[in-house]
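Reader: Hi! I'd love a close look at one small part of this model, and then at what surrounds it.

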Amino acid sequence: MLVFEHPLAGVQLIKGTLELTDSSMESAALRELAEESGISKVSSTKYLRSWESGFQNQLWHFVLCEVSESLPNNWSFYTRDDGGHEFNFFWHKLGGCLEFDCHKVFCKAIKQIETMFI
């Protein structure tokens, strides 16, 4: 699972808000993936499910995005979000111990995703 370290907010998942220009949850996921990570060549998407996060009444939607190209183990990407930040990306093995600190809503989200694949 792709995660990243935000310089001000700790480790997170790529996420965002559904915008009026988005035609579907999958198109919103593709837009957010490109904006936050620079990944734009996605071979397929699959809507997985929604989840009541229990955080600020947020309903999260999980979308699996697969790429056909090989990605590095970690990389940095400068995003223009919130005035511009450099995000440091890395992979978390599903089912593995969380070897990083993150907000409890992200920890819960990771556990939700793991129930779909493990």
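Reader: In which strand is the place of L48?

Author: L48 sits in strand β3, which runs over residues 44-52. Strands here are DSSP runs of E with at least two residues, helices are runs of H or I with at least four, and both are numbered from the N terminus. Before we dig in: this is a predicted model, where local features need pLDDT of at least 70, side-chain atom pairs count only at pLDDT 80 or more, and totals for chains, interfaces and linings use all residues. Residues are numbered from 1 along each chain as its sequence is written, and side-chain values use heavy atoms, with hydrogens and water left out.

So how covered up is L48? It counts as partly exposed, because its relative accessibility is 25% (buried is under 20%, exposed over 50%, partly exposed in between, with a 1.4 Å probe and protein chains only).

Now for its neighbours. Leaving aside residues up to four places away in sequence, L48 touches F62, V63, L64, M116 and F117 (a contact means heavy atoms within 4.5 Å). H61 is 13 residues from L48 along the chain, yet their C-alpha atoms are separated by 7.5 Å.

Follow M116 and F117 and you land in helix α2, which covers residues 104-117. Its 14 residues reach 20 Å from first C-alpha to last, close to the 20 Å expected at 1.5 Å a residue (that is 1.5 Å times one less than the number of residues). Buried in α2 are V105, F106, A109, I110, I113 and E114. Their cover includes β3, the strand of L48, along with β2 (10-12) and β4 (59-66).

F62, another neighbour of L48, takes us to the largest nonpolar core, which has 14 residues (such a core is a set of buried Ala, Val, Leu, Ile, Met, Phe, Trp, Tyr and Cys joined through side-chain atoms within 4.5 Å). The residues with the most contacts inside this core are M1, L13, W51, W60, F62, F106 and A109. Both β4 and α2 supply at least two residues of this core, and α2 gives the most, with five. A second core lies apart from this one, with seven residues, among them L2, I39, F87 and F89.

Back in the first core, have a look at W51. Not counting residues up to four places away in sequence, W51 touches Q58, L59, W60, F62, V105, K108, A109 and Q112. F62 is on that list, and F62 is on the list for L48 too.
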